[in-house]
Amino acid sequence: MSEITLAKLFDVESQKSDGSPSFMSQTLSKDPQPTSGGNDDGDGGGVPVEEWLPITESRKGNVYTATFHLLCSGLGFQVLFLPAAFAAVGWLLGTIVLTVGFAWKLYTIWLLVNLHEAVQGIRFSRYLKLAIASFGVKLGKLLGIFPVLYLSGGACAILVITGGKTINQLLHIMSEDDTEPLTTVQCFLIFSILAVVMSQFPNMNSLFGLSLVGSVMAVAYSTAVWTLPLANERHQNNVSYTTKDTSFENIINAIGMIAIAFRGNNLVLEIQGTLPSDSNNPSSKTMWRAVVISHVIIAICMFLVAIVVYWAYGNKIPATGGPIGNYLKLYEQDYSKQAACFIHLTFIFYCLCSYPIYLMPSCDNAEMVYITKTQKPCPFYVRMMLRVLLGLVGFFIAVGFSFLTYLAVLIGAVGLLVTSTYPCFMWVSIKKPQRKSLMWLLNVLVGSLGVSLSVLLVVGSALRLADKGLHANFFKP
């Protein structure tokens, strides 16, 4: 896609909203300048608004900051769903799906990294901007807005639910009697307050410290989860690996649990947007090094958790997935209180540290609306209030819809398009490989498989909900 075409595209978008960009969209310059890390040029070549928004405010990142951002956002708590998925489908299918899924994720990340500066003079530092440039204004927004919002704001609400319930369970483990020191809503509130306070860092690049701590915590609880059963074989006497339910919807649901464990594709462009770039050292080189380093660690954690924990517990693992808290109860029963507390604490700290990273795209969008209206950067107090407001929205969603974790596969099937499908069609649209060439065929095939997988997951999850039912406890977490 040519620079002139892109400029016209974004100009049309601005005109359709009476001269001001619509939600989640900043206008691009008609005369893009070459990318330059030294001048901190943004998407569209030095448009001032880019320097005021939190994602592109600082382009002083490096391979280390990008690595920890990728690790913290990519090694999500969904990794603990993997043993439950293996318990539902068995060794062979579970290993195949996990391996293919990981390779699939790496390939689509490679596509996104190389699409970040696919058009000379323009850096696509936001996923939705790349979707609009690839599919056009209307189709790009139609296809991209809900998955991007779900993977940002929705992920934060689920972190509140998961982190809050884990706090509740930790307090229950530490108490000497069966009384609960705090209610679930109070735990949600404590988690939300801490998370919002930690979200007050000014920009994406400044979250490096949180990403570092979050990465260490994620690796710590993942390692503890698989090393504890490996060191203690007393439970191996009565373990069975027989799959209890071989129905279509159960198998599809298990595949979905593996699929949603692959996180972070929606933040790849945003993380790459924090890196400097020039003609001699494009950001794609630094970003790909960070991707390789982070995903070696992610692969080790994911495969060891899935294989070792399934080996240790077999079909004792709840095959429904469900809240993480139910799964962690295995460690409360089998090991010391200290070990269980360590896993819960590191898990809570990971949730707190990853919350600001997932919230950042929503903060960026909210500040863009303010900047568009006022034509000036957000003052500190406005930025703070916007993030408090977003945190309150996430808290009320968590309290009102605390059963969302049971719908993870159903809703995640829509977000899965961001990971498995859109990057392939974006490559075809922007790079325009020759029709029926290897890259054209590969991306059309992989993208089509991604669409088919998402449809299957929606159908399978719907059938499972129709069969098992759902206890939708609105505003009663």
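Helices here are DSSP runs of at least four residues, numbered from the N terminus. With that naming, Gln 375 sits in the loop between H14 and H15. The model is predicted, and the path below runs from the whole chain to one helix, then to the cavities and a few single residues.

Start with the whole chain. It has 18 helices and zero strands. Of its 477 residues, 59% count as buried. Now take the contacts between residues at least 6 apart in sequence. Of these, 83% join residues at least 24 apart.

Helix H8 is a good place to look in detail. It covers residues 184–198, 15 residues in total. At 1.5 Å a residue, H8 should span 21 Å, and its end C-alpha atoms are indeed 21 Å apart, so the two values agree. Which residues of H8 are buried? They are Thr 184, Cys 187, Phe 188, Phe 191, Ser 192, Ala 195, Val 196 and Met 198. Seen down the axis of H8, these buried residues fall within an arc of 160 degrees, so they line one face of the helix. The spacing has a general background. An α-helix has 3.6 residues a turn, so residues three or four places apart point the same way.

What does that face pack against? The buried residues of H8 pack against four helices: H7 (137–174), H9 (208–231), H14 (337–374) and H15 (380–400).

Ser 192 shows this at the level of one residue. It lies in H8. Its relative accessibility is 6%, so Ser 192 counts as buried. Set aside its neighbours within four places in sequence, and Ser 192 is in contact with Val 160 and Phe 395.

Asn 168 gives a view from H7, the helix in which it lies. Asn 168 is buried too, because its relative accessible area is 8%, under the 20% cut-off. Not counting residues up to four places away in sequence, Asn 168 touches Glu 180, Leu 182, Thr 183, Thr 184 and Cys 187. Two of these names, Thr 184 and Cys 187, are also on the list of buried residues of H8.

Next comes the empty space inside. Rolling a probe the size of a water molecule over the atoms shows where empty space is left. How many cavities of 30 Å³ or more does the structure hold? It holds four.

The largest cavity has about 150 Å³ of space. It is lined by 16 residues, and those closest to its centre are Phe 77, Gln 78, Tyr 150, Ile 158 and Arg 263. H7, H14 and H16 (408–420) each supply at least two residues of this lining. H7 gives the most, with four residues. By class, the lining of the largest cavity has ten nonpolar, five polar and one charged residues.

The second largest cavity has about 110 Å³ of space. Its lining has 14 residues, and Leu 151, Phe 262, Arg 263, Gly 415 and Thr 419 lie nearest its centre. H7 and H16 are the elements that give two or more residues to this lining. Here the largest share comes from H16, with four residues. By class, the lining of the second largest cavity divides into seven nonpolar, six polar and one charged. Arg 263 is named for both cavities: it is among the residues closest to the centre of the largest, and among those nearest the centre of the second largest.

Now turn to the loops. Return to Gln 375, between H14 and H15. Its phi is near 60 degrees, a positive value in a residue other than glycine. Is Gln 375 buried or exposed? At 59% relative accessibility, Gln 375 counts as exposed, because the cut-off is over 50%.

Lys 436 lies in another loop, between H17 (422–431) and H18 (438–468). Lys 436 is not a glycine either, yet it has a positive phi of about 70 degrees. With 63% relative accessibility, Lys 436 counts as exposed.

Finish in H9, one of the helices that the buried residues of H8 pack against. Leu 228 lies in H9. Its relative accessibility is 23%, so Leu 228 counts as partly exposed. Leu 228 and Val 308 are 80 residues apart along the chain, and their C-alpha atoms are separated by 9.8 Å.

Methods: Residues numbered from 1 in each chain as written. Predicted model: local features only at pLDDT ≥ 70, side-chain atom pairs only at ≥ 80, totals over all residues. Heavy atoms only, no water. Expected span 1.5 Å × (residues − 1). Buried < 20%, exposed > 50% of the residue type's maximum accessible area, 1.4 Å probe, protein only. Arc of directions from axis to C-beta. Contact = heavy atoms within 4.5 Å. 1 Å grid on protein atoms, 1.4 Å probe; cavity = no way out; pocket = protein on both sides within 12 Å on 5 of 7 lines; lining within 4 Å. Points joined across faces, edges and corners; volume = space filled by probe spheres on them. Nonpolar A, V, L, I, M, F, W, Y, C, P; charged D, E, K, R; others polar.
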